[in-house]
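Trainee: I'd like to learn how to read a few features off a model like this one. Can we go through it together?

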Amino acid sequence: CHLRANLLKGAASPREKAWIEAVGALHLQGTQAFAMALEAIRDKWPADLNAQVLAPMLRRDGFDGAGAPKAGQQAAEAMVRRLRERRTNDPVVLHAFLQTVLVGPKPEDGLAAARALLALDPPSAYYRQVAGQVLYRCGEAAAAAAAFNAARTFDEGRLKEAGISSAAAPT
């Protein structure tokens, strides 16, 4: 894998080379090295949405015993809130925001984002599932069920397009 990545670097742009190095850091040194490499990409190429979202998400450290966000969690939440101000209807940003609130003590902070994400009809079953989880945690069982069914329908459609039966699909 590392040899193949090194071969790819010859034809890659500087940003692509940085991503190859970042993935190499993940495999060789772990998640925190990957986060640091993504922060360098984000700083050098501020328009790289993937680096903007992934870097702080990898630094999340959850919540304390009283339910208050720890420092890494606070940083991730602040980053996603800033991105949402600039990219209000971006499914990647909405999904990242939902990930920051889903496991926390106040999932209701994600209700508007969950509804907005589902209204975009995102091209991802997983995005629909995460939105559904937020809705479910907030007591909106019918809306959550609709989101989960939409995710299932989306996955079934993708499988049909690929000519794969649901029984043969990877889990």
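Mentor: Sure, and keep in mind that this is a predicted model. Let's begin with a charged pair: E140 and R115 form a salt bridge, with their closest N and O atoms 2.4 Å apart.

Trainee: What's the general idea behind a pair like that?

Mentor: Side chains of opposite charge can pair when their charged atoms come close.

Trainee: Where do E140 and R115 lie?

Mentor: E140 is in the loop between α8 (125-137) and α9 (141-162), while R115 belongs to helix α7, so the pair ties together parts that are 25 residues apart in sequence.

Trainee: Are those two buried or exposed?

Mentor: In between. E140 has a relative accessible area of 23%, so it is partly exposed. R115 is partly exposed too, at 42% relative accessibility.

Trainee: How many salt bridges does the count come to?

Mentor: Eight. One of them joins the side chains of E39 and R59, at 2.9 Å from N to O. Here E39 sits in helix α3 (residues 31-44) and R59 in the loop between α4 (49-58) and α5 (71-86), so parts 20 residues apart in sequence are tied together. R59 comes out as partly exposed, with 28% relative accessibility.

Trainee: And which residue does D109 meet in a salt bridge?

Mentor: That's K106, with 3.8 Å between N and O. D109 is partly exposed at 35% relative accessible area, and K106 is partly exposed at 46%.

Trainee: Okay, on to helices. How do I describe two that pack together?

Mentor: Two packed helices are described by the angle between their axes and the distance between the axes. Take helix α6 (residues 91-102) and helix α7 (residues 111-119): they pack at about 145°, and their axes are 9 Å apart. The crossing of α6 past α7 is left-handed.

Trainee: Which residues make the contact?

Mentor: From α6 you have P91, L94, H95, F97 and L98, and from α7 there are A113, A114, A116 and L117. Sorted by type, the contact of α6 with α7 has eight nonpolar residues, one polar and no charged.

Trainee: H95 caught my eye. Is H95 buried or exposed?

Mentor: Buried: the cut-off is under 20% relative accessible area, and H95 has 12%. H95 is part of helix α6.

Trainee: What is H95 in contact with, leaving aside its neighbours within four places in sequence?

Mentor: With L117, Y126, Y127 and V130. You've already met L117, on the α7 side of the helix contact.

Methods:
Residues are numbered from 1 along each chain as its sequence is written. This is a predicted model: local features need pLDDT of at least 70, side-chain atom pairs count only at pLDDT 80 or more; totals for chains, interfaces and linings use all residues. Side-chain values use heavy atoms; hydrogens and water are left out. Axes are lines fitted to C-alpha atoms, for helices over the stretch in contact, and angles run from 0 to 180 degrees between N-to-C directions. Helices (H or I, at least four residues) and strands (E, at least two) are DSSP runs, numbered from the N terminus. A crossing is left-handed if the near helix is turned anticlockwise from the far one by less than a right angle, and right-handed if clockwise. Contact means heavy atoms within 4.5 Å. Ala, Val, Leu, Ile, Met, Phe, Trp, Tyr, Cys and Pro count as nonpolar, Asp, Glu, Lys and Arg as charged, and the others, Gly among them, as polar. Buried means under 20% relative accessible area, exposed over 50%, partly exposed in between (1.4 Å probe, protein chains only). A salt bridge is a side-chain nitrogen of Lys or Arg within 4 Å of a carboxyl oxygen of Asp or Glu.
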